[in-house]
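User: I'm new to this one and would like a close look at a single part of it. Could you walk me through that part slowly and in plain words?

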Amino acid sequence: MTRKEDRRITDMGALKAIAHPLRMQLYRALNVAGAATASQLGEQVDEAPSLVSYHLRKLAEHGLIEEAEPRSGDGRERWWQPASEGLSVHDEDFRSAPETFAAHTAFARLLVDQRAELYRRFLDERHAWGVEWTGASRDSESTLRLTPAELAELNDELLAVIRKYDDKGRADEAAGDTEGRENVALHVYGFPFRV
């Protein structure tokens, strides 16, 4: 299976397009589904298909999503899919001016808030997942003493491991191994701090 490349966002227009709470939800839902219509996504995010369509078009204007091949016989349905494997936003691309730095910070905070909400929902619903899933789900915090170069190397190694498991899971699922397979969110943050 060939992995599409991540799309690196380097311009303010694309950053502003994705840095909207509903658009981030829609983008995440498309990544999970692979492809969907505005009506399907509207049901997931509890919004009207017309509003969802508007936000999908905004994402498409900036090349973050694209039209997909129809998955049903209804020619009136417009299907959408992510235009890349994922998105990456790097601090160094938005340091040039206070307004670009502020926009990047707002985007990063939105991501943290949505990721935290996703984890809170799991915590509230974990009794419904059963012991196998709750036993496999872990959180941890480590305090390391690293240089910037070591942190970058650690992040690269962690990303390689994550991609290995993602590729294997997707290949196994494509081969028919779907029993017990669920979407799994894995959030990794590595950042300096002082006490």
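Which order do the three strands of the open sheet have, and how do they pair?

Analyst: Quick background before the sheet. This is a predicted model, where local features need pLDDT of at least 70 and side-chain atom pairs count only at pLDDT 80 or more, while totals for chains, interfaces and linings use all residues. Residues are numbered from 1 along each chain as its sequence is written, and side-chain values use heavy atoms, with hydrogens and water left out.

The protein has seven helices and five strands; helices (H or I, at least four residues) and strands (E, at least two) are DSSP runs, numbered from the N terminus. Along the sequence they come in the pattern β-α-α-β-α-α-β-β-β-α-α-α. The C-alpha trace spans about 55 × 50 × 35 Å along its principal axes, and 23% of the 195 residues count as buried (under 20% relative accessible area, with exposed over 50% and partly exposed in between, using a 1.4 Å probe and protein chains only).

Now your question. The order in the open sheet is β2-β4-β3, and the pairing is antiparallel. Two strands pair if DSSP finds at least two bridges between them. β2 and β3 are the edge strands, each pairing on one side only. Helix α2 packs on this sheet and touches β2, β3 and β4, its direction making about 90 degrees with that of β4. Touching here is contact, heavy atoms within 4.5 Å.

Let's take β4, residues 79-82. Trp79 and Gln81 point one way from this strand, Trp80 and Pro82 point the other way, and all are buried. Strand β2 (residues 36-37) is joined to β4 by two bridges, with Thr37 standing opposite Trp79. Thr37 sits in β2 and is buried, at a relative accessible area of 4%. Leaving aside residues up to four places away in sequence, Thr37 touches Glu77, Arg78 and Trp79. As for strand β3 (residues 65-67), three bridges join it to β4, and the two run antiparallel; Ile65 has Pro82 as its bridge partner in β4.

Back to the helix on the sheet. Helix α2 covers residues 21-33, and its 13 residues should span 18 Å at 1.5 Å a residue, which agrees with end C-alpha atoms 18 Å apart. That expected span is 1.5 Å times one less than the number of residues. Its buried residues are Leu22, Arg23, Met24, Leu26, Tyr27, Ala29 and Leu30. Just after α2 comes Gly34, with a positive phi of about 90 degrees.

Helix α2 also meets another helix. Two packed helices are described by the angle between their axes and the distance between the axes. The axes of α2 and α5 (residues 98-125) come within 11 Å and cross at roughly 60 degrees, which makes α2 oblique to α5. Axes are lines fitted to C-alpha atoms, for helices over the stretch in contact, and angles run from 0 to 180 degrees between N-to-C directions; under 35 degrees counts as roughly parallel, over 145 as roughly antiparallel, 65 to 115 as roughly perpendicular and the rest as oblique. Where they meet, Pro21, Met24, Gln25 and Arg28 belong to α2, and Phe107, Leu110, Leu111, Gln114 and Arg115 to α5.
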